[in-house]
Every structure is written in C-alpha cells, then in structure tokens.
Amino acid sequence: NRLPPPPPPMDHITGALSQTIMVFNMYDRDKETDDGWEQDLKEEFDDEAHRFGKLISSRVLSHVPGGKICARFEKVDGARACATKFAGRWFDRRQLRVKYLTEVEWMVAMK
C-alpha cells in the first residue's frame, strides 16, 4: 500500500482558506515569446485543475510579474485540493507557491 504524499510545507500556501487561489511562479513572462503562450498555459492549468473540482474561472495574469495564475472553484474543497497539489511543486525549474484569495483580491486580479 502506498502512503499519500506528505502535505506541502505551510510556507508554500498562504492566506485564509477560500474557493479562490493564486498560483505563483508558473511562468517567466520575460522568457515567453511564442504567440498565444498565455492561452496554452491556461489550457494546461485548467486541464489539471479540473481534476480537483469544478473550475469556475481561471486567468493567466501575464500583465504583472510573478508568473501568476488565478483560479476560482465552485467549492472550497476543490481549491484546497488544487492548492495542496500545486504548492511546493516544481514546474519548469520554478517552485510554485499558492495563496488563497479574498473576494476583494479575486476581483482586483480579474480586472
């Protein structure tokens, strides 16, 4: 029997539990040169995030630094499962961090 993986270190997940997360370090916008890279990355993220629960919306925040992607799930459990899976993980030689967003932070990010 295989044991489940240990939870990520708490410093890789911040904020108060909510249905909305922001994943940091998903990309380096200064190194992305292909046309449509934002849409490709969004689709790749969405494909994986859907495994954790119903994804309401997501967005690649390519206009700001930090390699950020925001995602809103129908239920908190989906956001928690996704945050746990992504936090601390390595993606393209960058370690990912996750923050749960407040409603105000979500609205600002989606502008």
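Student: What makes arginine 89 count as lying over the face of phenylalanine 86?

Tutor: In this predicted model, arginine 89 is 4.9 Å from the centre of the phenylalanine 86 ring and lies over its face. The distance limit for a charge over a ring is 6 Å, and 4.9 Å satisfies it.

Student: Over which ring does the charged end of arginine 97 sit?

Tutor: The charged end of arginine 97 sits over the ring of phenylalanine 24, with 4.4 Å to the ring centre. That value, too, is within 6 Å.

Student: How many aromatic pairs does a search of the whole structure find?

Tutor: The search finds two aromatic pairs. In one of them, the ring centres of tyrosine 27 and tryptophan 37 are 5.0 Å apart, with the planes at 55°. Centres within 6.5 Å make a pair. An angle of 55° is neither under 30 degrees nor over 60, so this pair is called tilted.

Student: Why is the pair of tyrosine 27 and tryptophan 37 said to tie together parts of the chain?

Tutor: Tyrosine 27 belongs to the loop between E2 and H1, while tryptophan 37 belongs to helix H1, so the pair joins parts that are ten residues apart in sequence.

Student: Is tyrosine 27 buried or exposed, and how do you know?

Tutor: Tyrosine 27 has a relative accessible area of 3%. Buried means under 20%, so tyrosine 27 is buried. Tryptophan 37, at 11%, is likewise under that limit and therefore counts as buried.

Student: What makes the pair of phenylalanine 45 and phenylalanine 86 tilted?

Tutor: The ring centres of phenylalanine 45 and phenylalanine 86 are 5.3 Å apart and their planes stand at 45°. Because 45° lies between 30 and 60 degrees, the pair is tilted. Phenylalanine 45 is in helix H1 and phenylalanine 86 in helix H2 (residues 76-86), so the pair ties together parts 41 residues apart in sequence. Both phenylalanine 45 and phenylalanine 86 are buried.

Student: Which residues line the largest cavity?

Tutor: The lining consists of Met26, Glu44, Phe45, Glu48, Phe86, Arg89 and Phe91. H1 contributes the most, with three residues. This cavity has a volume of about 40 Å³, and the count of cavities of 30 Å³ or more is one.

Student: Why is aspartate 28 called partly exposed?

Tutor: Its relative accessible area is 24%. Partly exposed covers the range between 20% and 50%, so aspartate 28 belongs there. Aspartate 28 lies in the loop between strand E2 (20-24) and helix H1 (37-49), and its side chain reaches the backbone nitrogen of aspartate 30 at 3.0 Å.

Student: How do you know that glutamate 74 counts as partly exposed?

Tutor: Glutamate 74 has 42% relative accessibility. That value is between 20% and 50%, so glutamate 74 is partly exposed. Glutamate 74 is in the loop between strand E4 (69-73) and H2. Leaving aside neighbours within four places in sequence, its contacts are Gln19, Lys54 and Ile56.

Student: What makes the pairing of threonine 20 with arginine 72 a polar contact?

Tutor: The two side chains make this contact at 3.5 Å. The limit is within 3.5 Å, so the value meets the distance condition. Threonine 20 is placed in strand E2; at 3% relative accessibility, under the 20% limit, threonine 20 counts as buried.

Note on methods
Residues are numbered from 1 along each chain as its sequence is written. This is a predicted model: local features need pLDDT of at least 70, side-chain atom pairs count only at pLDDT 80 or more; totals for chains, interfaces and linings use all residues. Side-chain values use heavy atoms; hydrogens and water are left out. Helices (H or I, at least four residues) and strands (E, at least two) are DSSP runs, numbered from the N terminus. Buried means under 20% relative accessible area, exposed over 50%, partly exposed in between (1.4 Å probe, protein chains only). A polar contact is a pair of N or O atoms within 3.5 Å; within protein, one must be able to donate a hydrogen and the other to accept it, and residues adjacent in sequence count only if both atoms are side-chain atoms. Rings of Phe, Tyr and Trp (its six-membered ring) pair if their centres lie within 6.5 Å; planes under 30 degrees apart count as stacked, over 60 as edge-to-face and the rest as tilted. A charge sits over a ring if NZ of Lys or CZ of Arg is within 6 Å of the ring centre and within 35 degrees of the ring normal. Contact means heavy atoms within 4.5 Å. On a 1 Å grid over the protein atoms alone, a cavity is a set of points where a 1.4 Å probe fits but cannot get out, and a pocket is an open set with protein on both sides within 12 Å along at least five of seven lines; lining residues have an atom within 4 Å of a point. Grid points are joined across faces, edges and corners, and a volume is the space filled by probe spheres set on the points.
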